[in-house]
Structure formats: structure tokens, C-alpha cells
Amino acid sequence: FGISERTARKWLARYGAEGPSGLDNRSSRPRTVATRTAEYWIGVIEHLRREYRLTADEIAGKLQLARSTVAAWLTQRGLGRLAALEPKQQPVRYQRQHPGELIHLDIK
């Protein structure tokens, strides 16, 4: 089948341990990340962004974290842009008594 002996032994060991279900396709994604950012730091990042409106670069400098890490967490929390910190303005709506009151014809 064009596979190495090491792979064949690995598959045989899985089959012996788990039966036919051990040969199913598996995700190559790691189950855990050893260097995951602690929830405490994520809260501090969010606080600095909301309260002091610091950029990801400034936050990373203050907390001694990688800029990419800070930027990723800000984006994930929906705070990647400063405009996200300000409340959205309500659209201006015109209420009229009768339909067609605001029709404007430009005739030359």
C-alpha cells in the first residue's frame, strides 16, 4: 500500500486496542495547547482595550505578550476595531402621516 513499517505497526496497535473503530480517520489537531493564554490575561486585555482604548501593540508592550496573540484575542472578542467600542447610532427615520409626502421630483 506504499506505507512505512512504522505506520503499519501504529495501525495494528490501534486495531488491537480499539478494534475496527481505531482505524477511522482522526483529526490531526492537538487536543490541548500547552501555551494557551490564561483567562486572567484575556480579561486584562479586554479591560485595557475597553477602558483605555489601547491598540493591540500597546497592550502587548504593557503585558509582555506577543502582539499577534493580543490581536487574535481582540478580534475573537469583537474588539479588533476601535469602532466596535462605541455604541451604534440609531438610524434617522422619517415618519409621515400620508404616503408620498416626501416624494421629490427634480424637473429641469
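## A walk from loop to loop

Arg-53 is partly exposed, with a relative accessible area of 37%, and it makes a good starting point for this predicted model. Arg-53 sits in the loop between H2 and H3. Its phi is near 55°, a positive value in a residue other than glycine. That is worth a pause, since most residues other than glycine have a negative phi.

Gln-64 also has a positive phi, in its case near 60°. You will find Gln-64 in the loop between H3 and H4. With 68% relative accessibility, Gln-64 counts as exposed, because the cut-off for that class is over 50%.

Let us turn to the helices on either side of that loop. Helix H3 covers residues 56-63 and helix H4 residues 67-76, and the two pack with their axes 8 Å apart at an angle of about 125°. How are H3 and H4 oriented to each other? They are oblique, because an angle of about 125° lies between the 115 degrees that ends the roughly perpendicular range and the 145 above which helices count as roughly antiparallel. The crossing of H3 and H4 is right-handed. On the H3 side, the contact is made by Ala-56, Asp-57, Ile-59 and Ala-60, while H4 contributes Arg-67, Val-70, Ala-71 and Leu-74.

Next, step back along the chain to Thr-37, in the loop between helix H1 (5-18) and helix H2 (39-52). Is Thr-37 buried or exposed? At 17% relative accessibility it counts as buried, because the limit for that class is under 20%. Leaving aside residues up to four places away in sequence, Thr-37 touches Ile-42, Thr-69 and Trp-73. With Trp-73 there is also a polar contact of 3.4 Å between the side chains.

Now for the aromatic rings, where the count comes to 1 aromatic pair. The partners are Tyr-40 and Trp-41, whose ring centres are 5.1 Å apart and whose planes stand at 75°, so the pair is edge-to-face. The angle decides this, because planes over 60 degrees apart fall in that class. Tyr-40 is exposed, at 58% relative accessible area, whereas Trp-41 is partly exposed, at 33%.

Finally, follow the chain to Leu-105, in the segment after H4. Leu-105 is exposed, with a relative accessible area of 64%. How far apart are Leu-105 and Gln-64 in sequence and in space? The two are separated by 41 residues in sequence and by 62 Å in space, C-alpha to C-alpha.

Terms used
Residues numbered from 1 in each chain as written. Predicted model: local features only at pLDDT ≥ 70, side-chain atom pairs only at ≥ 80, totals over all residues. Heavy atoms only, no water. Phe/Tyr/Trp six-rings, centres within 6.5 Å; stacked < 30°, edge-to-face > 60°. Buried < 20%, exposed > 50% of the residue type's maximum accessible area, 1.4 Å probe, protein only. Helix = DSSP H or I, 4+ residues; strand = E, 2+ residues; numbered from the N terminus. Polar contact = N/O pair within 3.5 Å; in protein donor to acceptor, adjacent residues only side chain to side chain. Contact = heavy atoms within 4.5 Å. Axes fitted to C-alpha atoms, helices over the stretch in contact; angles between N-to-C directions. Parallel < 35°, antiparallel > 145°, perpendicular 65-115°, else oblique. Left-handed = near helix turned anticlockwise from the far one by under 90°.
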